[in-house]
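Reader: Hi! Could you take me on a close look at the buried part of this model, the loops and helices together? I'd love to hear it as one connected story.

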Amino acid sequence: MTRKAKDYILIGVIIFLSICIAATGFVIFRNYKDLDKLNEKIKHSQTTIDKQTEENNTLKQELEKSKQELETARQEKAALESENAGLKKEITELKAKRAAASKYSNLPAAPQNPQPVGKICYLTFDDGPSDNTLRILEILAYYNVKATFFVTDYAQSKIEYVPQIHAAGHTIGLHTQSHNYAQIYSSEAAYFADLNAISAKVKELTGVDSKVIRFPGGGSNAVSKRYCPGIMSLLTRKVTEMGYTYFDWNVSSEDASAPVVSASRIISSVLNGAKNKNSICVLMHDAAGKTTTADALPSIIEGLRSQGYTFAPLTKECYGYHHKVNN
Ligand SMILES: [Zn+2]
């Protein structure tokens, strides 16, 4: 082969290789451009996914919030339903009370025995017997004064002193067994069940069938309205019809106006209250803790004596010192 032929072949090979390199370069360039586009597409897709994920999260949060709101609404509904049921019950009870009240209201006042003649004092001790009873009995015995004890039989009472009170010549009055307003003033039947219980107890202890009574809070109490409107109008009549005499008072010792009232205040309450009257029924308490009432008693007796009073125990025939009935 000639040198020239060799050169042609070499040139041919070089041209061929150049064409090949150019073609490869072109293909690579094309692919590179496509890759760029693909990358851009991926980027775009990612952004779309991110956006949708974000939207999804927002929706999820809204759903959660809605669920909570629904739960709160459900709870509120349940509370309202329960409140509604309570109100309905209250309305029914009030209607029943109103019906009961209309049955009792406008009853004429219970009749009273005639007023005593001459200056007379009935000392009365409510809520006992108690730890103070024996001291009160000693003082009354010292002054030779007879009084009246309206007795109870609840936890702190000393019912065992009742025979001693009776033996000393005082009147045993009935003041209900429990002295529980909510219980005794809930109905006529509840009151008489309680009164009969203390009556039976006194009879068992003394043999006396006492017909002398005092309502807890007095005939004028308005507290009973809470438990049964009109109950006092009914009871004040009923007890009278049944042969009891109920007693209120026209002089208060004020010894129950605070847990402990000074003896001097108790004395002045009674002595001032007794002025310008002819007959008095004095409210005092023989409850546990009322020690100052016993302290005040000697001065009360002496003071009333100097105002011209004589003392007597209540009997069923005595004037009742009735208050105006407020329920
Ligand atoms: Zn009482």
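Author: Happy to! T176 counts as buried because it has 23 or more, in fact 27, C-beta neighbours inside 10 Å, where 20 would be enough. Please keep in mind as we go that this is a predicted model. You will find T176 in the loop between β3 (171-174) and α4 (181-184). Its backbone deserves a look too: phi of T176 is near 75 degrees, a positive value in a residue other than glycine.

Now move to the loop between β1 (120-126) and α2, where D127 is found. Phi of D127 is near 75 degrees, again a positive value in a residue that is not glycine. D127 counts as buried because 23 C-beta neighbours lie inside 10 Å. The loop between β1 and α2 also holds P129, and the peptide bond leading from G128 to P129 is cis, with omega near -5 degrees.

From that loop, carry on to helix α2 (residues 133-143), whose axis comes within 9 Å of the axis of α8, the two crossing at roughly 15 degrees. That angle makes α2 roughly parallel to α8, and the crossing is right-handed. If you want to see which side chains to display here, R135, I136, I139 and Y143 are the α2 residues that meet α8. On the α8 side, their partners are A294, L297, P298 and I301.

Helix α8 (291-306) also leads us to α7, as the buried residues of α7 pack against α8, together with β6 (251-252) and β7 (279-285). Helix α7 covers residues 263-274, 12 in number, and reaches 17 Å from its first C-alpha to its last, close to the 16 Å expected. Its buried residues are I266, I267, S269, V270 and A274. Looking down the axis of α7, you would see these buried residues fall within an arc of 160 degrees, so they line one face of the helix. A bit of background helps here: an α-helix has 3.6 residues a turn, so residues three or four places apart point the same way. The face of α7 turned away from the buried side carries exposed residues, S264 and N272.

One last stop: just after α7, N276 takes a positive phi of about 60 degrees.

Key. Residues numbered from 1 in each chain as written. Predicted model: local features only at pLDDT ≥ 70, side-chain atom pairs only at ≥ 80, totals over all residues. Helix = DSSP H or I, 4+ residues; strand = E, 2+ residues; numbered from the N terminus. Expected span 1.5 Å × (residues − 1). Buried ≥ 20, exposed ≤ 12 C-beta atoms within 10 Å, placed from the backbone. Arc of directions from axis to C-beta. Contact = placed C-beta atoms within 7 Å. Axes fitted to C-alpha atoms, helices over the stretch in contact; angles between N-to-C directions. Parallel < 35°, antiparallel > 145°, perpendicular 65-115°, else oblique. Left-handed = near helix turned anticlockwise from the far one by under 90°.
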